[in-house]
Amino acid sequence: MDRFLSPTSQTQLRQEILESGGNEVFCIGHTDAEQVVIELEILARGNRDAVPAILQACRPGDVIIHNHPSGHLEPSGADLEIAGNLGSLGVGFYIVDNRVRTIYRVVEAFKPPQNTTVEYQKVTELLGINGQVCQNLPGYEDRPEQLRMAFATTEALNQHRIALIEAGTGTGKSLAYLVPAILWTLASHERLVVSTNTINLQEQLIRKDLPFLQRATGLDFRVELVKGRSNYLCKRRLENATAEPGLFDEEHIGELTAVREWAAQTSDGSREDLSFLPHGALWDEVCCEADQCSRSQCLHFNTCFFHQARRRAARADILVVNHALMLADLSLRRQTDNYSALAVLPPFSRLIIDEAHHLEEVATRYFSTQVTRFAFARVLNRLRHPRKPQRGLLPRLLVQLERSLDESHDALYRDMHERLETLIRRRQELFDRSIADLEQAGLDLAGALGAEIRSGAEIRQRLVPSFTENPAWAETSGMLRSLSRATGEFGEALRDLLKALRTLPDDAIEATRSLCTDLAGISLRLQSIAEQLQAFVADDPDSCSWFEIVSGRIGRGEGIITRLCTAPLVVAPLLRETLMERMQTVVLTSATLTVGGRFDYLRQRIGLDEFEPGRVDELLLASPFDFARQALLAVPNDIPEPGRPGYAEAVRDLTEQALLAADGRSFVLFTAYSMLRRIHGELGPVLSARGYQVLRQGESTRHSLLQKFSQDPTSILFATDSFWEGVDVPGRALEQVIIARLPFKVPTEPVLEARAEAIARAGGDPFMDYTVPQAVIRFRQGFGRLIRQRTDRGVVLILDSRVVRRGYGRLFLRSLPDVPVTTLPQAELIAAIRAFFSTEGPLADR
């Protein structure tokens, strides 16, 4: 025993067991360098429900110790489950008898983690000239910038720093951060998380880059793509849906059958593994949800698709996630003050954020809320089907209780029946009230603005003093507060029901367990809606609140849709507290982090501007491409500015001439769908008649459009939003990018407007400090679609003369690579573009 617990620890544990009356005791043992427990910390007595708290409190190298009062030390199934969770955290697990004379080591103590460093020479051996990557990568090109980025990532890992690394297109940034990440995680035996914004980059890492590095280096490391919980099928919920197919419309019954057949065969269980895309309403009823999961109490726990995936994640060295999932994990850790145990993800302290220029936007979206009539309907219709009153959780619970309680429990059944009938009535009242109140709120708020609610014409208004001082707002806000209270009270009534159900006989408790799990989830969702309503009317200075009203489709008819929205005014404090200050290493990278060659904008927006000197490193790596030879930036100096008379016509005419000069092979990028539809509508038939394949965003999926574009050399794609970035079309398929206007966001967007006002109140310049930097980063992303490899050549045509006429335009141009800029009248500019495409060398500066 002394080899595992010091005599002092044995005495302390013996005394704790005695004081607990011989019942179970759970404690943490802190070990010395020889893995002997030298210090004990008692966490729980006689309460296995305290295991989640135990998991939060332990650290790698610790040991969890508990006693079996029976004296039989063979681990139970529950013990083995705990041991598996602990082992993934680097924590041992011991069982002792009450006298602390005998010990069963379920999981041996781990050596406490040591300070780990990665040698730069090892990085060079893998990534440098004549390294293993060089020898195994077809078409390898020496990229000094790639090795510099790899060294900077290594430095951040070794020295526990935050690194901002802008790596221009062609640097090979994914391999540059993956190589030191792999070396570090293998040396330290700690996991590392790589977070991306887009599915495209996730798939590149999982399907291409990481498998290549496994083959090329021979290193034995484990990788797991971690998906959000709702991506996975829940076997329990599928059973419930199968037992009650009447919940679904007729057209979805066939899909339900197909999902059930797939579930019996799939080993993955994620929606992406399906051969078809299930209808959203169907998938919502059968997917895994955190608030409707009974975890280890579920009959399917051991074979649960989601929990199997999380177990694989706990064993992995590198986890690949998206920004939203990363933020969900960090948000939960912040709420529970848990940074060492399982949350949404297994614990980690090293993080690489690719596509980091999206971090503020994703964080804003993640912490935003929206309440609509549909939010109420989705929750309340789970309790009772709107058209089939015998369907739903509450009617099913009534039926189950009738089956489970015999005549000897008649009084108990009558009590439960009365409770459920009351809840069914209250559910209908809340359903009707939510629709009526939100519709009335829409009418009153639109009336306060003197606006008419029309189909397709959205009314949008931020809650500002000039509006909230209107008497109509006082009445509306009072109504919404009352709706919030009623929603919260109904959620509380469901929780009271669940408490009452715990008094049922054991067999009835077991029979209703699945329904109770779902009801608990519904109560939490109702509480969330109540809190969101309260947040909307709270007048929080750190939040932006606004409403949107439109007449739109509701079922088979049309009605008033009111959306009540909130978003954080600033996310920097949240990111600083939950991410930057908690992680030992954070590497943030993208091809577009700087504005005018400086990281100041990003540092301010994500919470890095107040860190001490030396904690944050910066590295700006230029693209290895020769833009002076490969590209031309063309700007007409006589085109009307956007919004001025003649602008749209000039865009149409110049776009047509430029497309003919390039013989197709072009992206035409817009900032607004209205302009896209107009120009595409006017040019599409003309270009099609000339034999070009004309594609428009929205007429097919993004993947399908890109596939068609790449396969046909005559292709022209009119697009907006998602095609400004994350699109890789190397070679001659894409030789021209036309940018219709500088990508300024709409200044009247509520969050942007509120942030601009906050900057002005603080003495800043909203336009130059916020609006322009946002647009510059977006502009750089659009420019980056053109040159994707050393052999590419092409033109970027900017149909917005503000880039050369306005002072701030210099910031846009200064943020680009060293590319020749040609500024000419329209007719001469088109001639210059034709000349560029007719030559193989650079066009002289003009």
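Leaving aside its neighbours within four places in sequence, which residues is H68 in contact with? In this predicted model, the list runs to E24, L73, E74, P75, D79, I95, V96, D97 and N98. H68 itself sits in the loop between β3 (63–67) and α3 (77–88). Being in a loop doesn't put this histidine out in the open, though: with a relative accessible area of 9%, H68 is buried.

Before going further, a word on confidence. The protein chain has a mean pLDDT of 90, and 96% of its residues reach 70 or more. One stretch to treat with care is residues 841–846, where the pLDDT is below 50. Even so, that stretch has 15 contacts in the model beyond near neighbours in sequence.

Now for the nonpolar interior. In soluble globular proteins, nonpolar side chains tend to be buried together. Here, the largest nonpolar core has 55 residues, and the ones with the most contacts inside it are F376, L383, L401, L497, L501 and L519. Quite a list of elements chips in with at least two residues each: the helices α15 (373–383), α16 (393–404), α17 (410–449), α19 (471–501) and α20 (506–536), plus the strands β13 (543–554) and β14 (557–568). Of these, α19 gives the most, with 12 residues. To get a feel for the packing, take L383: setting aside residues up to four places away in sequence, L383 touches R391, G392, L393, L394, P395, R427, F490, L494, L519 and I522. There is also a second, separate core, made of 44 residues, with F627, A719, Y770 and F779 among them.

Y770 turns up again in a helix pair. Two packed helices are described by the angle between their axes and the distance between the axes. For helix α27 (residues 750–761) and helix α28 (residues 766–783), the axes come within 8 Å and cross at roughly 145°. On the α27 side, the contact is made by L752, R755, A756, I759 and A760, while α28 brings P766, D769, Y770 and Q774. Sorted by class, that makes six nonpolar, one polar and two charged residues.

What about the cysteines? How many disulfides does the structure hold? The count is zero. C304, for one, is in no disulfide, and the nearest cysteine sulfur, that of C288, is 5.2 Å away. C304 counts as buried, at 12% relative accessibility. For C565, the closest cysteine sulfur is in C544, and at 9.1 Å that is too far for a bond. C565 is buried too, with a relative accessible area of 2%.

Finally, a couple of backbone oddities. Q35 has a positive phi of about 65° although this residue is not a glycine. Its place is in the loop between β1 (25–31) and β2 (37–45). D539 shows a positive phi as well, near 55°, and D539 isn't a glycine either. This aspartate is found in the loop between α20 and β13. Are these two residues buried or exposed? Q35 counts as buried, at 19% relative accessibility, whereas D539 counts as exposed, at 73%.

Notes
Residues numbered from 1 in each chain as written. Predicted model: local features only at pLDDT ≥ 70, side-chain atom pairs only at ≥ 80, totals over all residues. Heavy atoms only, no water. Axes fitted to C-alpha atoms, helices over the stretch in contact; angles between N-to-C directions. Helix = DSSP H or I, 4+ residues; strand = E, 2+ residues; numbered from the N terminus. Contact = heavy atoms within 4.5 Å. Nonpolar A, V, L, I, M, F, W, Y, C, P; charged D, E, K, R; others polar. pLDDT = per-residue confidence, 0-100. Disulfide = S-S within 2.5 Å. Buried < 20%, exposed > 50% of the residue type's maximum accessible area, 1.4 Å probe, protein only. Core = buried A, V, L, I, M, F, W, Y, C linked by side-chain atoms within 4.5 Å.
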